[in-house]
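Biologist: Please take me slowly through one part of this structure, as you would for someone in a first year of study. I should like to understand how its pieces are arranged, beginning from one residue and moving outward.

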Amino acid sequence: MSLIRRLQYEAADRLAGPMLGRYGRLRALARRSRGKRRAGPPQLQSTRKLKELLTTHYLAGRYADGAVPVAWVTSGFPVEILRPFGFHVVYPENHAALCAVQRQGVQLAQVAEQWGVPRDTCAYARCDIGSTLAQMTPVGRIPRPDVLLACTNICQTVVYWYRTLASLLNVPLFVIDTPYQYGEPDAHAERFVARQIEEAIALCARISGVERDDGALGLVAREAKQASELWGECLAYAKRKPAPWSGFDQFIHIGPIVTLRGLPECTAYYRMLRDELSERARLGIAVVENEKHRLVWDNLPVWFELREMSQLLAREGFNIVVTTYTNGWAETAPMFDEHDPIGSAARVYSRVFINRGMGHRTALLRSLAKEWGCDGVLLHSNRSCKPYSVGQLDLASQLTRDGLRTLVLDGDHLDSRSYSKEQAEGRLSAFMESFA
Amino acid sequence: MVVTDEAIRSYLASHRGNGVVLALPVLYPREVLTALDLCGVEVWAHRTPPGCCTQGAGSMQPYLCPTVRGARVLLGQGFEGAIAAVIPHTCDSMQGLAAIGLDMGASAMPVVTFRHPRGGDRASAREFLQAELRAFIASIERIAGRKLTMDRLGDAIELHEGIDRAMRRVLRMRTCIALGDVELYRILRKREWMRASDFAFELRALEQMIDSAATPRKGIPLMVSGMVPEPSDFFEAVDAAGAYVAVDDYAAIGRRLPMHDTQEAEPIGRLIDRMMGAAPCPTRTSDPWSRVRYLVERARAARAPGAILHTVKFCEPELFDVPVLRRGLEEAGLKVLHIETEFEPQMSGQLVTRIEAFVEMLGGGDA
């Protein structure tokens, strides 16, 4: 690791990133003083801090390789084990979502398709493979990894995706397999996961040249638990009627809990967001004026349509107040245990809802609908994400029998070619009319 | 269609042993079924009743593979009084199907799952597989109402090892058997629904047809890699174009065979060796480059100048391997054609033309 590179990395992380964030804040203030205020409720103040955090993360990332060890990991990987070794962590899924929001996802996916990846595969994977092939990214530069780390708790697809990346980048790949839990969690599967986490820790120690420190692992587990619980508290504020924020806001503010989990700045961020939401709730600020109906969202969002979809729903007084996706990072939080960082990580990461059977998912949706006071469920049938989408038609039937209104909406989390805007808006409008 | 439902029903009428078990692709411990004298009938999309895939679409999204859509209907309707359905964790869609079968009342029979370790052949993976096999055996025993002894399991493994050896020989010597590809696959695919002892008998007859002094088969030798040798007119098109299948890497056929005999004595250990030692396959998340090396070696041994990658629509495990396989095989000097089918009864004229053009490029055909 080079000293100059390390200085550049630290400067980006500690100085340039926060300065850029502050500059963004000043620009926003200037816009406001010029009277350019967007319609609707005031934007969450925390959003600026969020931008600062993520800008800093991606800016520092430009200088990370050669300065600190770099790992690319899946969103469900037990990232806490990397923190004591000083890894800079890149999340290709988060990057793909960012590309989708900026409407660059399809262009990058097409690079992968030209290279030979068929279109009937996950669009996140195609986007990231395309980005790697073309060396193109909206964040300037992604650092080259020293290791790729994948965990199968979100899908089997990540193994294919990361194997392709490993082959392109010529770096090692380590997979933590979290066997799917059809019924109640089974001990032999979680023992297997714990053993693999131990193996992954040994690999990280080898790559970073830093010795394993169980005390540090415990502290990171504590930090991750705090942040996840704070995230859960933030989500819970949407139980208030009217809700001070929406599922669409949650899709945006999920960033740090995915990418910075286990770091103090992540915990601090969610404390700030929680306090702001508490204040909003106290003042009765509603994210949707005249909130009439509250909905649950199932599956990843249609990233490239967030604003349009939220506006369409809000116009009719509909608010998505909770989503299974954002709840995923809060659901298993209480299981983190600083005194048993490995065993508890095995439980936390094996039991994420998407790695659980349909019985668990049905119960989860019922409980979210009940606790958040929802009268309808939108199930995004996501062409890119089979593990999330298979079974949704059965789920919809079940929830309809329970008395909830449901709509299965065809789409894709990234690939706008697999999404018909007119058809989706028509179906959403008809769905909303059915509440009259 | 290579095998009809009627052929299976007529076989099962007198050979069902202690019961029929539906089995979904690809790799599951069939030795355990044999040891309990259960007849495993594999479910590939072609084996589902007509219209199943369309019916399945009513409760499964259309962007799922036809095997999963068709199997969904069979799970609900049942098949020949099957007492259970075995669903291995082949892919995310199959996992979802098992979850629906278990928890959403979508299955007319008990569902038994089987999970492969997906992180490579490590000590921890073998330990997990051992526990998974024991759990699988316990579930099947419960459903069948009989206990499995290790002696019987050992005998069943031995029977399957013999079948695997014979199948490897038949596939290696296939050009010395006076049978076309359609007929050869018709016989080999009986393993998908016959009891092992009956299939071993069929295989012996096939082995006796090997004539090493026979005139080498005319045409261009090809390697074919894919999920299942369907539709049968694919082979007719290959034959008509002036080529033949010399190397098989179908997940339903050659790819399930262990590459080496196991030295392990204890039955569970032997099962683990057999599963871990099967040819590289993306449904068990094998590294695609190890798959390339394996295929190149086999293509070279058979002097095949070209390979056809024959994928099934929406089969994500196979589709992700396509770019690496294409590159790896082309770097090794093989020409590659990628085609996609969807268990349709007949191939499109466009696909036939592509096969003809490919074989012509390799130097075969009428031109």
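**A helix residue and a sheet in chain B**

Modeller: B:Leu159 belongs to helix α7 of chain B, which covers residues 150–172, and please keep in mind that what we are looking at is a predicted model. The relative accessibility of B:Leu159 is 27%, and this residue is therefore counted as partly exposed, since that class begins where the buried one, under 20%, ends. Leaving aside residues up to four places away in sequence, B:Leu159 touches B:Thr34, B:Ala196, B:Ser197 and B:Ala200. One of these contacts joins parts of the chain that are apart in sequence, for B:Ser197 is 38 residues away along the chain, while the C-alpha atoms of B:Leu159 and B:Ser197 are separated by 7.4 Å.

Another of the contacts, B:Thr34, leads us to the sheet, because helix α2, residues 30–35 of chain B, is part of a crossover that can be followed once the strands are in place. Chain B has an open sheet of 4 strands, which stand in the order β2-β1-β3-β4 with parallel pairing. At its edges are β2 and β4 (111–114) of chain B, and because each has a single partner strand, one side of each is left without a neighbour in the sheet. From one strand to the next, the twist averages 25 degrees.

Let us look at the pairs in turn. Strand β3 of chain B, residues 84–88, pairs with β4(B) in the parallel sense over 4 bridges, and B:Ile87 has B:Thr113 in β4(B) as its bridge partner. Strand β1 of chain B, residues 20–23, is likewise joined to β2(B) in the parallel sense over 4 bridges, with B:Leu22 standing opposite B:Val41 in β2(B). Between these two strands the chain passes from β1(B) through helix α2 to β2(B), a β-α-β crossover that is right-handed.

Within β2 itself, a general pattern is worth recalling: side chains in a regular strand alternate between the two faces of the sheet. In strand β2 of chain B, residues 39–42, B:Cys39 and B:Val41 point one way, B:Gly40 and B:Glu42 point the other way, and all are buried. Finally, helix α1 of chain B, residues 5–15, lies across β1 and β2 of chain B, and its direction makes an angle of about 170 degrees with β2(B).

Technical notes
Residues numbered from 1 in each chain as written. Chains lettered and ligands numbered in written order. Predicted model: local features only at pLDDT ≥ 70, side-chain atom pairs only at ≥ 80, totals over all residues. Heavy atoms only, no water. Buried < 20%, exposed > 50% of the residue type's maximum accessible area, 1.4 Å probe, protein only. Contact = heavy atoms within 4.5 Å. Pairing = 2+ DSSP bridges. Right-handed = clockwise from strand over helix to strand, strands pointing away. Axes fitted to C-alpha atoms, helices over the stretch in contact; angles between N-to-C directions.
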